[in-house]
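Visitor: I would like a close look at one part of this protein, the stretch where helices give way to paired strands and where charged side chains join pieces of the chain. Could you take me through that part slowly, element by element?

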Amino acid sequence: MKLLLSVLCFAAAALLPAAGNGGLIGKSPVVRQALKLSFVDTGFAPTGESRGFRFEPSAGGTIVFSWKNDHPAWMEGRFRRAVRLPDEDEMEFRLAVDVPDAGFAATFALRFRDALGESFQLPGVALERGRAGRRELVFRFDASGKLEHWGGDGRIDRPLELSGLSMAFAPDTAGGSVTFDSIVCPSAGGVLDGIDVRLAAGDDLFLLSEQSPGPVLTLVNRAVAETEFTVALTATDFRGKKLFEETRGLVLASGESAALPVADPAELLGVRILDCELSAPAAAVPIRRRFFYGRMIPAGPGRPGNPEFLFGIHDHTAVGDCELRAKAAALCGAKVIRGAGLSWGMIQQLPDRWNFKESDEIVRIYERYGLEMMMILAFTPPWCIASPRQPVYPGETQRDFLLPDLAAYENYARVMAERYRGKIRLFETWNEPDISFANFSVENYLKLQAAGRRGVKAANPDAIVMNGGIALMTPSPGKETIQRDIMASVGTGCDWYAVHGHGPFPEYVNTVAKVLELRREFGSRAVWHSNETAMSAAGGMEKEQAETLFKKLLYAWKNGAAGYNWYDLVNDGYDPFNHEHNFGLLTRDYMPKPAYFVYNMLARRYGLAVRAGELAEDGPFYSAIFRAPDALLLPLWRESGGSSPVILLSTDARSAEVIDLMDNAEPLELREGLLILPVGTEPLTLRLAGATRVELAGTLLTYSGFVLPGRHAELSLKLRNLFEESGEFKLNFGEAGRTLRLEPGESAEVKMRSPATENAAPELTWNFAGTPGRLSPVLPAAVPVPAGAESGPDIRLNHSRQRVELYPNDPNRLFMTWRGPEDLSAAASLSFSAGTLTVEVEVTDDIHSQPCMGTDLYNGDGIQLGVAAPGSENGNALLFGAALGDSGKVMTHIWKRPAGIVAAGSETIRAEVTRSGRTTRYRIGIPFSMTGMEEAAFRCGFLFNLLVNDNDGHGRKGWLELAPGIGMGLEARKFPLFVMTE
């Protein structure tokens, strides 16, 4: 039998469709517009028990779903590009079905997913037997009604998406097929929502080659009416340099398409970021979509693995898309895949029922691509939960996190090691046992770990067994000793010590330090492995994510790690603010993010290298030395804050080149075994061809300063002659130039000032004793502050780069994730008048909660201000806070005063705080005398910082900050510079 169906979605507000294979950033206003989205456009695919069915694309964007006589009782499918719905509490959906067989019967249900990933399902609507031909099923969505839900608390957190559907077969339904045709939304969309945007670039991973045609953007009008609009395209590289730009007006009839070629430089390696903006007169707000593609020299497959370090990636794969995921991992040089989406309950469904079909197929695919699986031995099937249950976290409802019967677990480990002997040698006993993934005690985990190792070793003595990777190297409630206890068990309970440590690089440095400290404490030479660690790119942090990958992988390696698994291969979803949806090297649609190209560069350049020592102690900058077969490789970078060094290196290399994160190489001048190299915040690799040695001769130059955009830049330089002879040091900074003669070992300080553009400081060039060089100094932008009563400048806190999350990697606290400017944002201005610095802040906050006072004021909603003199130590900084308490009372607190400053009389800080709707307004008056600075000093420049705390009633969840230096501890040197102007 064959069934033809389409879904009609009725609503009174704008439907925001999935952004094709790009992410939806903006939305259009409410203008009635009918949409027609094919099932191919939504990426409809089976889930769960539906993996045994067949889903095949067909003509016209339809998908043919077929089943055999022995099919499961139901089918469930998801939209990989879910259809975003309007924020309406009542909506009506119509499912049109063409039934050729009057004997067919089934029950259909529509599914939705909210912003936090929770799933909802409408009550099923039955299609009764008895009549063939066209049938119509009506679904009514009522947000106030009772909906079936899973994966959350049952509360709908907007925006809501139409994420899939299920179909339950009537008993005794014979084999047949269904054709899923389209989703039609006659009154839900805005004028731009019907424009579907697709990118074709190279292969199925959006990788261009010399043979492939250039990228092409295709726009299709899925609306039922003609649409007139403007499309603006901008393609940029990793650093934001513009590669292509075009704006074009289009008029597309219903179903009509337009193809726009995008010019691309074939010689440039790395990511391209294509931003597409659609606008129309009837749409006050444009729709923006972003695409990733690029060029690279693949690091794999086929190359041998590294002799001392495992390049790995975590992945949640399944058989349905394993082939493409394996290809993506192998192509960028990975050799190990952790996770593989397999769990104990999928394989051993009952004590005597084993199903190896999926695991066998995944292992076969991995072998074909030269990949090795790291198998996680978890989680607990329902049939073997240990009795009595003794959960450490009684509120945790997932049964598969409970302690299993240890004999059954040991047997499972033995069976898996035996079946895959010679194919899988890396095993992990559970996952993150220090948090709720293991809802049992430390004592019981150690028993489970030992049981798993016994089982594996019984079948394969040569296998390597790791502990369940530890999520955090800080004490966990109820499991305060687990990190130490596992380290003590190395050699008996596990072979390798596995640790995670998500988040930015500075936090990872602390994680590694604690691992090494434990090794020293136990006198252990235990091998350690960073087997799941990354950084989310939520909120548009793809560049920072890519830089973090480079830093964390090489930092782990230089500190003796046996390997590193980046988490994750593919994004877990489309929500731009959900951290769990943004860990991938690839987007959910398999577009390569910047981090994918960084991984490829690391595997290609360092793939056969080994550790070869240290260049210098970590401090002013980070570095290491690796020995490749034909060169020495030195990763170098500095963290933000402080001055930037230009170093002098001595080496016996034949030649030298700098390799950027995207794998582009640029030669460096090497003169008499010496080379000069600037070290910036963007990591680089120095490749010394044919070298057997390299030493740091010292720091030639450091610089600091600031730029007033559109006005001038000021640069302070410290130079030292590290050469054996006296020589001239020529400096040019834009229009400014200086020449100095320095004797060997002599130092000098130089200040230079030059006009600056709106975007950057001028280039700094030099010639040191005959050796030329240049750099584009990355200087902080100083902020001009007008004198008098006029307010300014315009400071805005509304971007994820300004956001610090306290729980970004805790899946149990997704509800505490920042959702964008409507969740929390701020605008601020500063002005001078009558010896007072006035700060006005307007905060948008969806939920206000301030139950705290005094020193704890920062734990609730409120602001914190920092003021200090340039170059001052923390002891000479002012740190002040203001908030509106839940009682309606204005509360203030001073955490730090400059040395010798005592608040008294009229010299106290004045604070006004009011709230209306979702807006909280602050007006703070800070007398100059409270800062320890005279007005004349203020005119020369002062350091200022602003932090806005966020608490929605469940405790402090994070903050927005103008710059670091307050939230993680007072560091006044990280505050931005403000300059008083007339």
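Guide: What follows goes through the helices, then the salt bridges, and then the two sheets.

Please keep in mind throughout that this is a predicted model. I begin with helix 7, which covers residues 482-489 and contains Ser-489. The relative accessible area of Ser-489 is 10%, and because the cut-off for a buried residue is under 20%, Ser-489 counts as buried. A polar atom of the Ser-489 side chain lies 2.7 Å from the backbone oxygen of Ile-486. Leaving aside residues up to four places away in sequence, Ser-489 touches Gln-449 and Cys-494.

Helix 8 comes next, with 17 residues numbered 505-521, and its length can be checked against expectation: at 1.5 Å a residue it should span 24 Å, and since its end C-alpha atoms are 24 Å apart, the two values agree. The buried residues of helix 8 include Phe-505, Tyr-508, Val-509, Val-512, Val-515, Leu-516 and Leu-518, and the list also holds Thr-511 and Arg-519. As background to such a list, an α-helix has 3.6 residues a turn, so residues three or four places apart point the same way. After helix 8 comes Gly-523, which has a positive phi near 60 degrees.

From here I turn to the charged pairs. The count of salt bridges comes to 58, and three of them deserve a careful description. In one of them, Lys-551 pairs with Glu-639, with the closest N and O atoms 2.9 Å apart. This pair links distant parts of the chain, for Lys-551 belongs to helix 9 (residues 542-558) while Glu-639 sits in the loop between strand 37 (631-637) and strand 38 (644-651), 88 residues apart. The two partners also fall into separate classes of accessibility: Lys-551 is buried, with a relative accessible area of 9%, whereas Glu-639, at 22%, counts as partly exposed.

Another salt bridge that involves helix 9 is formed by Lys-558 and Glu-614, where the closest N and O atoms are 3.2 Å apart. Lys-558 lies in helix 9 and Glu-614 in the loop between strand 34 (610-611) and strand 35 (622-623), so the pair ties together parts that are 56 residues apart in sequence. Here Lys-558 is buried, with a relative accessible area of 14%, and Glu-614 is partly exposed at 45% relative accessibility.

The remaining pair of the three is made by the side chains of Asp-630 and Arg-687, which meet in a salt bridge at 2.9 Å, N to O. Because Asp-630 lies in the loop between strand 36 (626-628) and strand 37, and Arg-687 in strand 42 (residues 684-689), this pair ties together parts that are 57 residues apart in sequence. Asp-630 is partly exposed, with 43% relative accessibility, while Arg-687 is buried, with a relative accessible area of 17%. Elsewhere, salt bridges with shared partners join Arg-803, Glu-805, Asp-823, Asp-950, Asp-952 and Lys-957 into one network.

The strands can now be taken sheet by sheet. An open sheet of five strands, with antiparallel pairing, runs in the order 41-38-43-44-47. Its edge strands are strand 41 (674-678) and strand 47 (747-755), each of which pairs on one side only, and the twist averages 20 degrees from one strand to the next. Within this sheet, strand 44 (residues 712-720) is joined to strand 47 over nine bridges in the antiparallel sense, and Ser-716 stands opposite Lys-751 of strand 47.

The other open sheet has four strands in the order 46-45-48-49, again with antiparallel pairing. Strand 46 and strand 49 (771-775) stand at its edges with a single partner strand each, so one side of each is left without a neighbour in the sheet. The twist here averages 15 degrees from one strand to the next.

Two pairings of strand 45 fill in this second sheet. Strand 45 (residues 727-733) pairs with strand 46 (residues 736-742) in the antiparallel sense over seven bridges, and the bridge partner of Phe-733 in strand 46 is Ala-736. Two residues lie between the strands of this hairpin, where Gly-734 takes a positive phi near 60 degrees. Strand 45 also pairs with strand 48 (residues 764-768), in the antiparallel sense and over five bridges, with Trp-766 of strand 48 as the bridge partner of Leu-731.

How values were computed: Residues numbered from 1 in each chain as written. Predicted model: local features only at pLDDT ≥ 70, side-chain atom pairs only at ≥ 80, totals over all residues. Heavy atoms only, no water. Pairing = 2+ DSSP bridges. Axes fitted to C-alpha atoms, helices over the stretch in contact; angles between N-to-C directions. Buried < 20%, exposed > 50% of the residue type's maximum accessible area, 1.4 Å probe, protein only. Polar contact = N/O pair within 3.5 Å; in protein donor to acceptor, adjacent residues only side chain to side chain. Contact = heavy atoms within 4.5 Å. Expected span 1.5 Å × (residues − 1). Salt bridge = Lys/Arg side-chain N within 4 Å of Asp/Glu carboxyl O.
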